[in-house]
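Thanks, everyone. Please put the model up on the screen, and I will walk through it.

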Amino acid sequence: VSTQSTWGFLHKVTLIMPATKKAPASIWDLEGQIGFYAAYHNNTLNIICHVIGVPLIVWSLYVWLASIGDFAHVAGFGVNLSTLIALSYGLYFVALEKVAGTIALVEMLFLSVTATAFAQHEDAIFTATIVHFSSWVLQFFGHFVFEGRAPALFDSAFQSFVLAPLFVLIELLFALGYRSDLAKTVNANAKRDIAAWKATKGKAQ
C-alpha cells in the first residue's frame, strides 16, 4: 500500500467523522480547526497562559514517558515513547501547515530530548507531576478568569490533546505578521462565533 493511498484513505475517513458540538469534522481543516480554537482563546491573558502552559504540559508528559526507558539509540540520543509521540505530532503538524508545522516539529523534538535528559534525575517524576498539573490549573484559570468561558476541552478533546501545541505556536506567528490574511479570517470567524455563543448564553439565562 503506497503512502499516498494511505493518506488518501485517512483523509476520507476523517471527513465523515462526526463533529463534537462546533468542532470541525475533518482533522485536516486547518482554517476550521484554528477558528474553533480561536473562539475559545480570544483574551490576550488567556493566550499567554496557554503559551506558557501548553509546552510545559507536553514536556512533563514526555518526562513521564521517557522515564519508562529507551528502546533504541540514534546518533547518541535515546529513543523512547516521548520520541515517537513527538515525531507523530510534529509530522501531523507539518502536514497541516508546512512552516508552522516544521517549527512545531523541531519544538516537539526539543521538548522530547530535554525531557529524556531530565528523566534521569531522581526526582524527575515528582517534578514533572507538579509541573503538569500546575500547568493544567493555569489553563483553566486563564479560561474561567480571563476568557470567561470553559475551555475547548469540553467540546473537542482532540483540540486540547493534539492540536493545542500547534495553535499556540500559530498564535505567536500571527502576532509576528505570518499569514495575515488567514489571521484576519480566523479572527473574524472567532468574533462571530463568540457573539453567537454569548447570544445563546444570554437566552439560556
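Start with W64. Set aside the neighbours within four places in sequence, and W64 is in contact with I125, A128, T129, H132 and F133. This is a predicted model, so please keep that in mind throughout. W64 itself sits in helix 3. Is W64 buried, or partly exposed? Partly exposed, because its relative accessibility is 25%, and buried means under 20%. One distance to go with that. From W64 to T116, the C-alpha atoms are 9.0 Å apart, and those two residues are 52 positions apart along the chain.

Now step back to the whole chain. The protein has 8 helices and 2 strands. What order do they come in along the sequence? The pattern reads α-α-α-β-β-α-α-α-α-α. There are 205 residues, and 41% of them count as buried. Then the contacts. Take those in the protein with a separation of 6 or more: 68% of them are between residues 24 or more positions apart. The accessible surface is about 11,200 Å². Carbon and sulfur atoms hold 69% of that surface.

Stay on the surface for a moment. Which residues form the nonpolar patch? They are L45, I48, I52, L56, F141, F144, V145, F146 and F154. Together they offer about 830 Å² of accessible area. Two elements give two or more residues to this patch: helix 3, residues 44–66, and helix 6, residues 124–147. Helix 3 is also where we found W64. Pick out F146 from the patch. F146 belongs to helix 6. Its relative accessibility is 30%, so F146 counts as partly exposed.

Next, the aromatic rings. A pair of rings is described by the distance of the centres and the angle of the planes. How many aromatic pairs are there? The count is 11. I will show two of them.

Y37 with F167 is a tilted pair. The centres are 4.8 Å apart, and the planes make an angle of 50°. Y37 lies in helix 2, residues 30–38, and F167 lies in helix 7, residues 157–175, so this pair ties together parts 130 residues apart in sequence. Y37 and F167 are both buried.

The other pair is W59 with F118. This pair is tilted too, at 5.1 Å centre to centre and 55° between the planes. W59 is in helix 3, while F118 is in helix 5, residues 98–118. The two residues are 59 apart, and the pair links distant parts of the chain. Both W59 and F118 are buried.

There is also an aromatic cluster. Its members are W28, Y89, Y92 and F93. And one ring has a charge over it. Which ring does the charged end of R149 sit over? The ring of Y40, at 4.0 Å from its centre.

On to the salt bridges. The count is 2. Take R179 with E97: the closest N and O atoms are 3.0 Å apart. R179 lies in the loop between helix 7 and helix 8, and E97 lies in the loop between helix 4, residues 81–96, and helix 5, so the bridge ties together parts 82 residues apart in sequence. How do the two partners sit with respect to the surface? E97 is buried, because its relative accessible area is 7%. R179 is partly exposed, at 37%.

R179 has another feature worth a look. What is its phi? Positive, about 50°, although R179 is not a glycine. The helix that follows this loop, helix 8, covers residues 180–204.

The other bridge joins R192 and D193. Their side chains meet at 3.1 Å, N to O. D193 counts as partly exposed, with a relative accessible area of 24%.

To recap. W64 in helix 3 is partly exposed. Helix 3 and helix 6 each give two or more residues to the nonpolar patch. Y37 and F167 tie together parts 130 residues apart. R179 and E97 do so for parts 82 residues apart. That is my tour. Over to you.

Methods
Residues numbered from 1 in each chain as written. Predicted model: local features only at pLDDT ≥ 70, side-chain atom pairs only at ≥ 80, totals over all residues. Heavy atoms only, no water. Helix = DSSP H or I, 4+ residues; strand = E, 2+ residues; numbered from the N terminus. Buried < 20%, exposed > 50% of the residue type's maximum accessible area, 1.4 Å probe, protein only. Contact = heavy atoms within 4.5 Å. Areas by Shrake-Rupley, 256 points an atom, 1.4 Å probe, with all protein chains shown as cover. Patch = residues over 30% accessible without salt bridge, like charges linked within 9 Å, V, L, I, M, F, W, Y side chains within 5 Å. Salt bridge = Lys/Arg side-chain N within 4 Å of Asp/Glu carboxyl O. Phe/Tyr/Trp six-rings, centres within 6.5 Å; stacked < 30°, edge-to-face > 60°. Lys NZ or Arg CZ within 6 Å of the ring centre and 35° of its normal.
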